[in-house]
Amino acid sequence: MLQVLRRLGGPRATMQDWPGLIEAYRSWLPVSAATPVITLREGATPLIPAPVIGERVGRGVKVFLKYDGLNPTGSFKDRGMTMAISKAREEGSEAVICASTGNTSAAAAAYARRGGMRAFVLIPDGYVAQGKLAQALLYGAEVLAVKGNFDRALAIVREVADRYPVTLVNSVNPYRLQGQKTAAFEVVDALGDAPDWLCIPVGNAGNISAYWMGFQEYRAAGHSARLPRMMGFQAAGAAPMVLGHPVDQPDTIATAIRIGNPVNRDNALRAQRESQGSFMAVTDAEILEAYKLLGRGEGVFCEPASAASVAGLLKRREEVPAGATVVCVLTGNGLKDPATAIEHNDSTFHTGLEPDTDIVARVMGF
Ligand code: F0G
């Protein structure tokens with residue numbers, strides 16, 4: 001990041017000079033002088049050391065969290081959306097549409113409105129975390145909740161975009177992955193090389209494909225000496241990449257990755273093959289354990305789907321080479337899904353206390 005900032009703003013550049021990822025990585029992206037850059041200054045998210053998780057893995061393994069929940073709308077989707085919306089605007093589009101488990105809809109809504117476009121979002125009725133729905137509504141999207149899962153909603157928006165003058169901004173739109181690949185650039189910029197393992201949650205399989213593209217491009221340009229193994233983790237009840245076939249009724253507490261038929265399946269399989277990586281399922285119980293460990297152990301609040309990356313690393317810890325560097329991608333902010341945090345935590349919560357110092361002190365154990 002610092003290298004990028006200095007290149008753009010000189011030796012005294014500060015984070016305030018961060019221009020958003022299109023300007024930061026312009027030469028790597030399919031934009032031109034004619035592209036109106038629609039940005040909320042996304043990107044430049046921190047790579048946070050995770051010593052407690054590292055300790056659990058053992059053997060001197062160094063673990064880092066790529067905390068993409070700190071993007072402007074709270075998820076990695078902003079990386080893809082700044083590109084998809086800027087290109088839609090460049091092409092004269094007046095409306096965009098997406099299907100979403102929540103985060104894509106929040107990002108599409110924010111960037112589309114900022115670009116002066118209408119945003120239509122289809123969500124699976126009843127299966128979108130509250131914070132994400134709140135965002136889509138507040139940003140001014142036109143929200144359509146359909147009685148069906150994400151896969152069905154995606155099939156519908158693809159047809160709508162084929163027939164009517166609206167631009168599809170799901171990750172079948174190639175500009176999305178172009179924007180998202182910048183997260184791999186940032187990881188390499190921060191570490192000075194690619195990590196040994198990249199652990200990442202997989203839903204529609206766009207992000208793992210984008211990271212792989214980013215790592216390959218940076219390596220080809222000599223910015224890194226190696227490539228990571230791409231380790232994709234799915235929820236056990238929604239694990240088509242692991243099973244090798246679509247899942248009709250995907251089910252998991254991690255609603256963001258409640259997807260049975262990933263559109264980027266082939267790209268993700270290529271990433272796995274070329275990187276000697278793998279796909280594995282983690283149970284909802286394992287996801288929740290990792291989610292709580294991230295909060296209590298590291299002070300990092302992510303959403304349940306994001307914790308699948310850490311759950312997967314812990315599950316496969318014995319295979320990590322001693323002394324290796326591992327990056328777990330935390331795709332979304334924990335504040336997206338307050339209900340899950342309130343229901344699943346190991347904290348004590350004393351309610352209804354009389355407003356009295358002695359009573360408070362006694363409850364504290366004094
Ligand atoms: N993590 C979070 C928090 C997500 O929202 C998603 C996908 C993923 C991981 C998986 O990424 O689909 O590229 O494999 N969310 C989409 C949405 C489907 O509609 O917000 P992927």
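Which side chain does Glu-186 meet in a salt bridge? That was my opening look-up, made in a predicted model.

**Entry 1: Glu-186 and Arg-79**
I found that Glu-186 pairs with the side chain of Arg-79, at 2.9 Å from N to O. I then checked where the two partners sit: Glu-186 belongs to helix H9 (residues 182–191) and Arg-79 to helix H4 (residues 77–90), so this salt bridge ties together parts that lie 107 residues apart in sequence. Next came accessibility. Glu-186 has 1% relative accessibility and counts as buried; Arg-79 is also listed at 1% and counts as buried.

I followed the pair outward and noted a network of salt bridges that links Lys-66, Asp-68, Arg-79 and Glu-186.

**Entry 2: Arg-226 and Asp-193**
Here the side chains meet in a salt bridge at 4.0 Å, N to O. Both ends are in loops: Arg-226 between helix H10 (206–220) and strand E8 (229–235), Asp-193 between H9 and strand E7 (197–201), with 33 residues separating them. I noted Arg-226 as partly exposed at 32% relative accessibility, whereas Asp-193 is buried, with a relative accessible area of 18%. The cut-off matters for this one: Asp-193 counts as buried because its 18% falls under the 20% limit.

**Entry 3: Lys-315 and Glu-286**
I looked up one helix-to-helix pair here, a salt bridge of 2.9 Å from N to O. Lys-315 lies in helix H14 (residues 304–315) and Glu-286 in helix H13 (residues 284–298), 29 residues apart. Lys-315 is partly exposed at 38%, and Glu-286 is partly exposed at 28%.

**Entry 4: the tally**
How many salt bridges does the count come to? I wrote down 16.

Conventions: Residues are numbered from 1 along each chain as its sequence is written. This is a predicted model: local features need pLDDT of at least 70, side-chain atom pairs count only at pLDDT 80 or more; totals for chains, interfaces and linings use all residues. Side-chain values use heavy atoms; hydrogens and water are left out. Helices (H or I, at least four residues) and strands (E, at least two) are DSSP runs, numbered from the N terminus. Buried means under 20% relative accessible area, exposed over 50%, partly exposed in between (1.4 Å probe, protein chains only).
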